[in-house]
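Me: Could you walk me through this protein model? I'm new to reading structures, so please start with any term I'll need.
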Amino acid sequence: KMLPSGPNCPATPPSSKVMKQMDIGVYFGLPPKRKEEKLQEGGAVEGMNLNPVVSPNEKRSPRQRKRKAEKSLSDLEFDAKNLSESQASVELPSERSRHQRKRPKKSDSLQEGEHQKRSHQLNRAEARRVNLRKDKVLVKSPYGRLQRENSKIPESPNAGQLRTRTCPFYKKIPGTGFTVDAFQYGLVEGCTAYFLTHFHSDHYAGLSKNFTFPIYCSEITGNLLKSKLHIQKQYIHPLPMDTECIVNGIKVVLLDANHCPGAVMILFHLPNGNVLLHTGDFRADPTMERSRLAGQKIHTLYLDTTYCSPEYSFPSQQEVIQFAINTAFEAVTLNPRVLIVCGTYSIGKEKVFLAIADVLGSKVGMSQEKYKTLQCLNIPELNSFITTDMCSSRVHLLPMMQINFKALQSHLKKCGGKYQILAFRPTGWTHSNKLTRIADIIPQTKGNISIYGIPYSEHSSYLEMKRFVQWLKPQKIIPTVNVGTLKSRRTMEKYFKEWKLEAG
């Protein structure tokens, strides 16, 4: 139970200040290098598995692991590529056998031996396939979702006990019964409270309407949990921002993460006197240096290290927004029949399209589902800008996957009339030696459609991360992203030591 530690603890109705605290961010930043794709955290899973069975593939391949910046779509709950790869691996033995059958025989004298060898290989391959198919069944987890699992029951004396994936140590808060963004690991032993930093699927993966344990989060994230995942209200415990609250006897403070709406960093004041900060996903900003973190001694920092490499240097959000505003305003001034289209995910990118709509004096048209999602933010100023009537607005929102020429041409036909489209795809920075300034960005144009890829990130750049760490001066840093390989972890540790020495 959450008990107030002071008179200011109860959540207050949203005000204009909430707009500032919930500094609207975006979900996707720059795509990490190919060699940095191997991440420790698992991607979105179908549900929390509490079945008394053990999958033989608990340790997943790097391709199945989470890719923070580019691949972890907030709407994408399943990776089709991984599915096709797994299917290919299942069929591989028989494919190999078919290739072997097509090979010409070396000589008549070897014909019988070769035939027996191929028959033996075929039988083995077919047996493996049949066994695999028998072992794999669809089972329904206690969390309400179908999962593909191994149907064989372990023969050990403890076969009836619940077995789950191991929760990574960096998702547990030592000295407490708390976990952070750890819903995909089943019932975590000793966990008395599950914290959720923000509503992106790679963080709430494993949650369903059947979840029956206390979830602590921001008010906006709580609204989204109820509206989108239909979590029962009694299990959601929204905490007010920038306010000391007591959760299971431990002081907790939620701080703005400058990520997507409702995203928070969490301060934990442990009984032994240590203070821990978990950033969740965040974009470091100088304004954080004037928050409750100012003067706060941090023992351990759980850091979002999505772009922890010197090569990742990209413009500030303000620069990118200003570029989008200027580009849209100029296009509409030259041609009043230009439609502005912005790519979006389930949640995120709000600053870009709201700034454009404000300058153009237009409402933002969107789907009913997106409209319902934005209403969960409880920001009165936002409601005056959004509408489901596309015809009455000059600025339109479309899913990010539809920001391409074919989909935009189809959208243009639906709008009717002779229009042109200027679209923005805020997906991150494309590294190029030729592209040194944001003003140098050139759109892709085909017919009456132009598409701008703009470098709008909601994760800290390398220099922003470095400045934040040097200012905060934590005694210990635990990276939470790109920790899947020893080489990556050692590289980040080297950067942390350099930052500490440089800061004195």
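Reply: A residue is called buried when its relative accessible area is under 20%, with a 1.4 Å probe and only protein chains taken into account. Please keep in mind that this is a predicted model.

Me: OK, so what percentage of the protein chain is buried residues?
Reply: The protein chain has 504 residues, and buried ones make up 49% of them. The chain exposes about 24900 Å², of which carbon and sulfur atoms supply 52%.

Me: And how many helices and strands are there?
Reply: The secondary structure of the protein chain comes to 12 helices and 21 strands. If we take contacts between residues at least 6 apart in sequence, 68% of them join residues that are at least 24 apart.

Me: Let's zoom in on H269. Where is it?
Reply: H269 lies in strand β11, which covers residues 264-269.

Me: Is H269 buried or exposed?
Reply: H269 counts as buried, because its relative accessible area is 17% and the cut-off for buried is under 20%.

Me: Which residues does H269 touch?
Reply: Leaving aside residues up to four places away in sequence, H269 touches I250, K251 and V253, and also N274, V275 and Q296.

Me: Switching topic: how many residues of helix α7 are buried?
Reply: Helix α7 spans residues 350-360 and is mostly covered, with 8 of its 11 residues buried.

Me: Which ones are they?
Reply: The buried residues of α7 are E350, K351, V352, F353, L354, A355, I356 and A357.

Me: What follows α7?
Reply: G361 follows α7, and the phi of G361 is positive, near 65°.

Conventions: Residues are numbered from 1 along each chain as its sequence is written. This is a predicted model: local features need pLDDT of at least 70, side-chain atom pairs count only at pLDDT 80 or more; totals for chains, interfaces and linings use all residues. Side-chain values use heavy atoms; hydrogens and water are left out. Helices (H or I, at least four residues) and strands (E, at least two) are DSSP runs, numbered from the N terminus. Buried means under 20% relative accessible area, exposed over 50%, partly exposed in between (1.4 Å probe, protein chains only). Contact means heavy atoms within 4.5 Å. Accessible areas come from the Shrake-Rupley method with a 1.4 Å probe; for residues, only the protein chains shown count as cover.
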